[in-house]
Structure formats: C-alpha cells, structure tokens
Amino acid sequence: MMVVAALLSLLLVWLFIRTSKARGWGQPVRKEGPQTHLIKEGTPTAGGVPFVLALALVFFPLYFTGYAGGPRELLIMLTALGMGLIGGADDFLKVRSRMRGSGKKELIAREKMPLQLLVGLLFGWFAAPLAAHELVPGFGQIGDTILLTLVMIGSVNAFNFTDGLDGLLGGVAIIVLLPLLALSPVSALLVAVILGFLWFNAHPARVFMGDMGSHAIGAIAAGAYVLYADVWLLPIAAIIPVVAVLSVVIQVLSFRTRKKRVFKMSPIQHHFELSGWPETHVTLRFWVVTAVATAAVWWILGGRP
C-alpha cells in the first residue's frame, strides 16, 4: 500500500500545483532572507494539504479493515490530523491574505499554542497507558501525560521550524522515521506520501510544504517514537529539528535581552545560507547529519526495525 500512497500523493500534489497556479495561491518570500529565495516568490504553498489528504485516504480504509494496526496507529493518525488542521488554518490565512492583499496573515503563537496544547493533552492522556513503561516515575499517568504533551508540542514546532529549504523537511522526516517503518503503518504511509510530495519539492521546488504538512509530520514522528521506541530517542534522531527550534529560541532571547543576534538569520538553515552555503548543500548536509543520528538510534534499539 506504500506504492498506492506514494502514487496518490503524487497525483494530488500535481493537481494542487495546477490549481494553485491557476488561482494564484503563491507564497510571499521574506525580503530580509537569502537573496537566492526571491526567485521563489509566487511558488504555490500549502503542499502538505494534498499529501496529508492522501495519507488519510489510504490509512482509514486500511485501518477499518484491520490492515493498519490497532489503537496506537489510530491515536497517532488522529493526533496528526488535529495538529495538521492547526497548521492548515495558518496556511489558509497566508493564502487568503496574499489573494486579498490584506487581512490576517497567519496564526500568531498565542493563538496556535492553546490549540496545540489541547491536541497534545489529548494525545498524552491516551498515549500514557499505551507506553511500554512509566515515563515519569512516581507521578503515574498525570506525569506521563504532561511529559508526552510537551514532547508532542515540541516535536510539532521543531519540525515546523525545519521547513524552509527545498526538500529539507521531507528528507529529514523520511530518515527519522526509517527505524520504525516495520512497526508503525502510519509512519510507513507518511514516508510514502512524502516521497510523492518530494517529486515536486526537490530543488527548485514547484510547491512548498506549508504548516499543515510540517505539523502532521512532527505529530507522527513524536507519536511513533513514544509508542514504539523510546521518547528520549526522538531528540537524537530529530537532531536537526531540535537545533532548528533552539536556534529560534536563542535568537529571540538574545535580541530581546541584548539587542544582538547570535545567528545571521534563524532558523539555523538560513544562517548557513547567509554564510555562503548553497541551498542544496545545506539540505544535503542536514540529511547526512540526520542519517548519522538516526543510525545511532537504530543501533541503540539493537538494530531491530
């Protein structure tokens, strides 16, 4: 079914690109960013919408016929859709603002966070009893729920900050999920639909992922590691998303307290671009770092799938 998922994603993303171009659903580019990105002005965004749709269209028929795992898989999928809808609202506002030339441009952090917290809490509450062992000794399900909520929210935002270069997030996500493909059907299907998306997102990208795709990816990565591996292995495999979100936090804190920037631009992938690395070099090198980190995780897991 991975082949079906990949082909369906390929078809839906292609149709989305054609529709986006016909309707002018293009992405604005930050003028203060790398000058090489200015040529990307007008490229269709929200490409995560069609591949998340492809994921759902393949997963649910398989699940309800007994071919896509049990409660763990349904929980991961529903969490991904919940987080994806939050990101999708952000994508919608961006597209509508560009089309109208005015209006609200995106969801701000204080609007996103309560929604992410709600979805994260629901995931944490239902995931805690399914975890292999108690995660916060002495605090029971309440302690585990709080930890898993924070992990879910952190993962979603970390993967979101990793987006921004052609093919970067898609490649990182595929590598991070490789150790779990034989255990989690949702993870395997996500890899398949991302491959269909990457056909058009490879440099130079014909479509950008947007927040719906990055939010769903972060949710599935967190859910799969929590329920099938170990929650503490996720930040190792996802070292690039962790560094990306930390670079944003450091940059903001430094500017607010010292009026100075640590990086030329955050997230950190743009710092390297402004330091002279070609976009394709940043992407490939970040893939390599992710591959080494994920290989370490695979070894820690005993080399098992």
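The expected span of a helix is 1.5 Å times one less than its number of residues. Helices (H or I, at least four residues) and strands (E, at least two) are DSSP runs, numbered from the N terminus. The model treated here is predicted: local features need pLDDT of at least 70, side-chain atom pairs count only at pLDDT 80 or more, and totals for chains, interfaces and linings use all residues. Residues are numbered from 1 along each chain as its sequence is written, and side-chain values use heavy atoms, with hydrogens and water left out.

**Exercise 1. Determine how the span of helix α7 compares with the expected value, and whether the helix is enclosed or open.**

Solution.
Step 1. Helix α7 covers residues 185-201, which gives 17 residues.
Step 2. From the first C-alpha to the last, α7 reaches 24 Å, close to the 24 Å expected at 1.5 Å a residue.
Step 3. Burial is judged by relative accessible area: buried means under 20%, exposed over 50%, and partly exposed in between (1.4 Å probe, protein chains only).
Step 4. Of the 17 residues of α7, 14 are buried, so the helix is largely enclosed by the rest of the structure.

**Exercise 2. Characterise the overall fold and the compactness of the protein chain.**

Solution.
Step 1. The secondary structure amounts to 12 helices and 0 strands. Read from the N terminus, the order of elements is α-α-α-α-α-α-α-α-α-α-α-α.
Step 2. The radius of gyration of the protein chain is 19 Å, close to the 19 Å that the globule rule gives for 305 residues, so the chain is as compact as a globular protein of that length. This radius is taken over C-alpha atoms, and the globule rule is 2.2 Å times the number of residues to the power 0.38.
Step 3. The C-alpha trace spans about 50 × 50 × 35 Å along its principal axes.
Step 4. Among the 305 residues, 52% count as buried.
Step 5. A contact means heavy atoms within 4.5 Å. Of the contacts in the protein chain with a separation of 6 or more, 70% come from residues 24 or more positions apart.
Step 6. The accessible surface of the protein chain is about 14100 Å², and carbon and sulfur atoms hold 70% of that surface. The areas come from the Shrake-Rupley method with a 1.4 Å probe; for residues, only the protein chains shown count as cover.

**Exercise 3. Describe the surroundings of S247, including the peptide bond that joins S266 and P267.**

Solution.
Step 1. S247 belongs to helix α10 (residues 239-258).
Step 2. S247 counts as buried because its relative accessibility is 1%.
Step 3. Leaving out residues up to four places away in sequence, S247 touches F263, S266, P267 and I268.
Step 4. A polar atom of the S247 side chain lies 3.0 Å from the backbone nitrogen of I268.
Step 5. The bond between S266 and P267 is a cis peptide bond, with omega about 0°. P267 is located in the loop between α10 and α11 (268-274).
Step 6. A cis peptide bond also runs from H203 to P204, with omega near -5°; P204 lies in the loop between α7 and α8 (210-228).

**Exercise 4. For A46 and K259, neither of which is a glycine, state the sign of phi and classify each residue as buried or exposed.**

Solution.
Step 1. A46 has a positive phi of about 65° and sits in the loop between α1 (2-23) and α2 (48-64).
Step 2. With a relative accessible area of 5%, A46 is buried.
Step 3. K259 has a positive phi of about 60° and is found in the loop between α10 and α11.
Step 4. K259 counts as exposed, its relative accessibility being 61%.

**Exercise 5. Classify the ring pair of Y63 and F64, and name the cluster in which both take part.**

Solution.
Step 1. A pair of aromatic rings is described by the distance of the centres and the angle of the planes.
Step 2. Rings of Phe, Tyr and Trp (its six-membered ring) pair if their centres lie within 6.5 Å; planes under 30 degrees apart count as stacked, over 60 as edge-to-face and the rest as tilted.
Step 3. The structure holds 7 aromatic pairs. In the pair of Y63 and F64, the ring centres are 5.4 Å apart and the planes stand at 80°, so the pair is edge-to-face.
Step 4. Y63 counts as buried at 17% relative accessibility, whereas F64 is exposed at 64%.
Step 5. One aromatic cluster is formed by F59, F60, Y63 and F64.

Terms used. Polar contact = N/O pair within 3.5 Å; in protein donor to acceptor, adjacent residues only side chain to side chain.
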